[in-house]
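Please open the structure in a viewer and keep the selection tool at hand. The stops below are meant to be followed in order.

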Amino acid sequence: ILQKYIYQYFNDVIVSAAQQRAGQRQQEAEGQRGRGGASDSLDDLKSAHYLILELNKSAPGTLLNVVPQLEEELGVDDVDIRVLATGVLGEMFAEKGFTLAKRYESTWKTWKGRRADSSPVVRVQWIEHAVSLYQHQPQLSRELNEFVVEKLCDVDDKVRQAACHSLGLLEMAAPVQAAIGESVVTALGDRCKDRKPAVRSEAIIALATIYSQVFEELEQGAAAAQAKWGSIPSTIFMLRYINDPDIDSKVESILTGAILNFAKIKDDRSRCQRLLVVFESLTAKARSGFFSYMRRQQDVIRLTDVFLALCEKQGDGMAADQGAEQQLRLLAAKIAACFPDKAKVETALMQLAGLHDAEVYGGLRQTMDPRNDIKAVRKHQKSSLKRLSSLAPSLLDTTAPLWKCVGLTTINRALVPFLIEHVSRGGKFVAAAEVLITYITGVFPEMVRSSSAELFDVAALQAADAVAVEERLALMVKFAKAVPRSVPRSSGLEDRLAAFVRSGSLRQAKYAAYLVTQMDGAQSLCAALTGDAVDGLDNRHAEL
């Protein structure tokens, strides 16, 4: 009996409101103004549907005849009513899930069909609730994977954006991970290259957020996790090949955030481990993309350094008559070209130059100093931006991406000792560590200088693996060429290098000989080795 009265109540309210809305729209079409408005009847409909949701939570058995009524609403001409019905049924399926879908198979099928609604507003409502089923009803959501992929490729960018945003809101518990299909992950990755900036942004954020949540499984080497989520970093770093400032800026913002998550990792050893896990998973082309982002950062650092020097000279009054204004504008334009809103950034940089504030300039310079560790970089970023906020709040949002871009937090000197440690002890990440330390040695030798003791560890040159020894010597030579006369002198290192020169392989002897020449105070050793080489020559040779 209660079911009958409840059904009658909702039927009266819904039918009455729907008829009222139809009449009001007719009056509006004829140029007449009703006493109420379509919004009044819509409010009545929202109230009625809210009551349905509350009853579904506390007394679902009373809605036996109401659910088919909601199903009918899915097909009415009124878009607002279809939106309401799609949302309410979506929440009801999330609440009761498989039981409700099985009891009302026709309603479940009709609701799934709203993904193809002619109105993008309805499709947005549908995809938001469909994705939420991954969280609340993983078993039921497995049926929706192909439809979620379909909406990620929808013709309307608002639908694609909603799909990406909704996926980024998921909490990736084990059942959720299992429910999401690989095709969904692939389609989400494709949206990172969407022609619409808002869609690209949501897709990149969603992928990075998902990766951050599943990282523990990836670090443990779970095969299923590797197959489904392991390609996310490669997908993101491959975006570098598009060469779009908007995409590049977005990737830089999430690199030290969700991907590397350095802000939430308290010790440098763990940060290095995370960097290696990410880098080791990259494809060859994605690694090139990663290093391209690092080179982009280096280019912006170089330009910013010159820009700051001019700002400081202008503040001292030393360059006022030497075309400083023109040089500043040229540099500001070059820096701004690396960011999405070029004109806005260029204007902000010229205003920054006009502040003549040593604290702001010095703080920015310190964030890109390779001698600073991650903690120091963050400290200078925070303090200089706080100072900028007090001087010119309007510049903060526009110039903050520059601070983030030039801040050396991805590649940092604090990680170097642990990278060298991985190279020395071998293991799963030795190859990745070698590539990274070789890159750092060539681009930021100052970072390696502070860890020269670890790099020139004699024990690493006593390994039984001749190839590993040669690679370590080659790394030492690369550093010595980047920073001349920088090889630390010790009796143990001298003896080992001398042994390589006298009796090592050709490559070992070549590398060791060069290192000896870059060691301060080793003139006597150089003379002795030269003498040994001369004494060992066969003077009977015709050319001698």
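What follows is a guided tour of a predicted model, arranged as a series of selections.

**Stop 1: helix α4**

Select residues 79–96, which form helix α4. At 1.5 Å a residue, its 18 residues should span 26 Å, and the end C-alpha atoms are indeed 26 Å apart, so the two values agree. How many residues of this helix are buried? The number is 13 of 18, and α4 is thus mostly covered.

Next, display the side chain of aspartate 78, at the start of α4. One of its side-chain oxygens comes to within 2.9 Å of the backbone nitrogen of aspartate 80. Just after the helix, select glycine 97, whose phi is positive, at about 60°.

Remain with α4 and select threonine 86, which belongs to this helix. Is threonine 86 buried or exposed? Its relative accessibility is 0%, and threonine 86 therefore counts as buried, the limit being under 20%. A polar atom of the threonine 86 side chain lies 2.7 Å from the backbone oxygen of arginine 82.

**Stop 2: serine 106 and glutamate 71**

Move to helix α6, residues 105–113, and select serine 106 within it. With a relative accessibility of 44%, serine 106 counts as partly exposed. Add glutamate 71 to the selection: the two residues are 35 apart along the chain, while their C-alpha atoms are separated by 8.2 Å.

**Stop 3: aromatic pairs**

Colour the aromatic side chains. The model contains 12 aromatic pairs. Select tyrosine 211 and phenylalanine 215, whose ring centres are 6.0 Å apart; their planes meet at 65°, so this pair is edge-to-face. Both residues lie in helix α13, residues 197–219, and are 4 residues apart, about one turn of the helix. Tyrosine 211 is buried, with a relative accessible area of 1%, and phenylalanine 215 is buried as well, with a value of 6%.

Then select phenylalanine 279 and phenylalanine 291, an edge-to-face pair with 5.5 Å between the ring centres and 65° between the planes. Which helices does this pair link? Phenylalanine 279 is in α17, residues 268–280, and phenylalanine 291 is in α18, residues 284–315; the two are 12 residues apart. Phenylalanine 279 has a relative accessible area of 1% and is buried, and phenylalanine 291, at 11%, also counts as buried.

Extend the selection to Phe237, Phe290, Tyr293 and Tyr439, which form one aromatic cluster together with Phe279 and Phe291.

**Stop 4: charges over rings**

Two further selections show a charged side chain over a ring. Arginine 115 lies over the face of phenylalanine 147, at 3.7 Å from the ring centre. Lysine 285 lies over the face of tyrosine 241, at 5.1 Å from the ring centre.

**Stop 5: the largest cavity**

Turn on the display of internal spaces, if the viewer offers one. The structure holds 2 cavities of 30 Å³ or more, and the largest cavity has a volume of about 120 Å³. Among the residues that line the largest cavity are Glu252, Leu255, Tyr293, Gln297, Lys404 and Thr410. Helices α16 (245–259), α18 and α23 (396–406) each give two or more residues to this lining. Tyr293 has appeared before on this tour, as a member of the aromatic cluster.

**Stop 6: the largest pocket**

Now select the largest pocket, which holds about 330 Å³ of space. It is lined by 19 residues, and those closest to its centre are Val423, Glu434, Ala468, Glu471 and Arg472. Helices α24 (416–425), α25 (430–443) and α28 (466–482) each supply at least two residues of the lining. Which helix gives the most? It is α28, with 7 residues.

**Stop 7: two loop residues**

Most residues other than glycine have a negative phi. Select asparagine 243, in the loop between α15 (232–237) and α16; its phi is positive, near 55°. Asparagine 243 is exposed, with a relative accessible area of 55%.

Finish with arginine 485, in the loop between α28 and α29 (491–503). Arginine 485 also has a positive phi, near 55°, and is partly exposed, with a relative accessible area of 39%.

Notes. Residues are numbered from 1 along each chain as its sequence is written. This is a predicted model: local features need pLDDT of at least 70, side-chain atom pairs count only at pLDDT 80 or more; totals for chains, interfaces and linings use all residues. Side-chain values use heavy atoms; hydrogens and water are left out. The expected span of a helix is 1.5 Å times one less than its number of residues. Buried means under 20% relative accessible area, exposed over 50%, partly exposed in between (1.4 Å probe, protein chains only). A polar contact is a pair of N or O atoms within 3.5 Å; within protein, one must be able to donate a hydrogen and the other to accept it, and residues adjacent in sequence count only if both atoms are side-chain atoms. Rings of Phe, Tyr and Trp (its six-membered ring) pair if their centres lie within 6.5 Å; planes under 30 degrees apart count as stacked, over 60 as edge-to-face and the rest as tilted. A charge sits over a ring if NZ of Lys or CZ of Arg is within 6 Å of the ring centre and within 35 degrees of the ring normal. On a 1 Å grid over the protein atoms alone, a cavity is a set of points where a 1.4 Å probe fits but cannot get out, and a pocket is an open set with protein on both sides within 12 Å along at least five of seven lines; lining residues have an atom within 4 Å of a point. Grid points are joined across faces, edges and corners, and a volume is the space filled by probe spheres set on the points.
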